[in-house]
Amino acid sequence: MKTVLILGATGLFGGHLARQLIQTGRFDVVCAGRTEAKLKTFTTAHGGRYIAFNRSTPEAALAQTKPFAVVDAAGPFQSYSSYAFARACLEAGAHYLDIADAPDFVQAITSLNGLAKANGLTAISGASTTPALTSAVLTAFNMPQIGTIETTILPGNQTPRGLSVMRAILGQVGQPMQLWEGGAWHPARGWSRLSRTALKVGTTQLKPRPASLVNTPDALLAAHFNTQTVLPRAGLELGLFHHALRLARFLPFPLGGLTKPAHAVAGWAQTFGSDLGGMQVRAPALPKSRWPSLRPPWPASVRKQKCASLTASQIPISSPRKRCAWPRISRRH
Ligand SMILES: NC(=O)c1ccc[n+]([C@@H]2O[C@H](COP(=O)([O-])OP(=O)(O)OC[C@H]3O[C@@H](n4cnc5c(N)ncnc54)[C@H](OP(=O)(O)O)[C@@H]3O)[C@@H](O)[C@H]2O)c1
């Protein structure tokens, strides 16, 4: 049986993954994180075995467990200053996969290509909602030329949220980001540009919810699909919280340091709103007359990089084709 080590297995997303892998009965799942007590409770409840270590010193744990593959679901990836952990996994002979949502981190994973190839291994970054799921949806559209990509993530307020994901969101409120719009990069700020999106989840039509710009790896889709504009957005179901964050973007300091109190407030407010949420991917086609005006937004070496394409997600997708401004989609032959 192959061993899969999941770093962050006691977290929200790592926990989902660990439980589902354990349930298959096909893998020897090693749950990892820093806190032994949490790991013990988790494995007692769900199975698998555990090892406690910090991501910054993984060598002994990797040597002891000898995993076939390692999944980093710990984060927050915005604070990773190097690929030291991924490199250690590849050097220990394990395939590496993470669920990073930091564009720079996902983009530069190609720097490990040589090491991975030399060891006959694979290194994949961003294997989660963004950019893997968005990439899979856009690939499934099979459109000859996409003009604009708009991705909007709108979780319900009652959806559980982990500290890492909150730190990732708060840390980018009001912070500078680059937006690929109209075929050029423009400076923008996280959580700016208010819009409203009405999702349909299953048969339930949700009321329009606020959404604002977020700095996600969906920006990489511009190069991959050669589009003119990519607008990645996210929003909170409770308008009060969403607009509070919009106002907070004018504060003179990053909000990442307020993660723990914000997490406590969010937990207290979890009885409000609903558990209905989803993600919308809109991709209107570009008229053929405008195809030649496009140019690649990243250097050719980066453009060749393929975005990962996964099909599984916790998040329902609301019929994106119906929302295209040009619903007739012709196929490339
Ligand atoms: N790309 C995407 O679309 C996407 C989607 C969802 C989530 N994410 C990202 O996934 C990450 C995880 O989110 P989450 O909400 O599941 O986080 P979470 O609930 O806060 O869980 C974090 C987990 O990582 C462990 N951990 C934290 N720091 C560690 C370290 N230095 N060494 C070893 N283990 C460590 C924690 O356990 P201990 O505290 O005991 O160490 C915990 O098990 C976030 O960065 C989030 O932004 C990305």
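1. Let's start at the ligand, bearing in mind that this is a predicted model. The ligand is surrounded by 30 residues, and the closest are Gly 8, Gly 11, Arg 34, Gly 75 and Gly 162. Sorted by class, this shell holds 14 polar, 12 nonpolar and 4 charged residues.

2. Where does the shell come from? Helices H1 (12–24), H7 (129–141) and H8 (163–170) each supply at least two of its residues. H8 gives the most, with 4 residues. On the domain level, domain 1 (2–124) and domain 2 (129–323) each contribute at least three residues to the shell around the ligand.

3. Now for the interior. The largest nonpolar core has 79 residues, and Ile 6, Cys 31, Ala 32 and Cys 89 are those with the most contacts inside it. This core, too, takes at least three residues from each of domain 1 (2–124) and domain 2 (129–323).

4. Ile 6 deserves a look of its own. Leaving aside residues up to four places away in sequence, Ile 6 touches Gly 14, Leu 17, Ala 18, Val 29, Cys 31, Ala 32, Val 71 and Ala 73. Two of these partners, Cys 31 and Ala 32, are also named with Ile 6 among the residues with the most contacts inside the core.

5. Cys 89 leads us to helix H4 (residues 84–91), where the buried residues are Phe 85, Ala 86, Ala 88, Cys 89 and Leu 90. Their cover includes helices H3 (59–65) and H6 (113–118), together with strands E4 (69–72), E5 (95–98) and E6 (123–124). After H4 comes Gly 93, with a positive phi near 90 degrees.

How values were computed:
Residues numbered from 1 in each chain as written. Predicted model: local features only at pLDDT ≥ 70, side-chain atom pairs only at ≥ 80, totals over all residues. Near = placed C-beta within 6 Å. Nonpolar A, V, L, I, M, F, W, Y, C, P; charged D, E, K, R; others polar. Domains from an automatic or database assignment. Buried ≥ 20, exposed ≤ 12 C-beta atoms within 10 Å, placed from the backbone. Contact = placed C-beta atoms within 7 Å. Core = buried A, V, L, I, M, F, W, Y, C linked by C-beta atoms within 7 Å.
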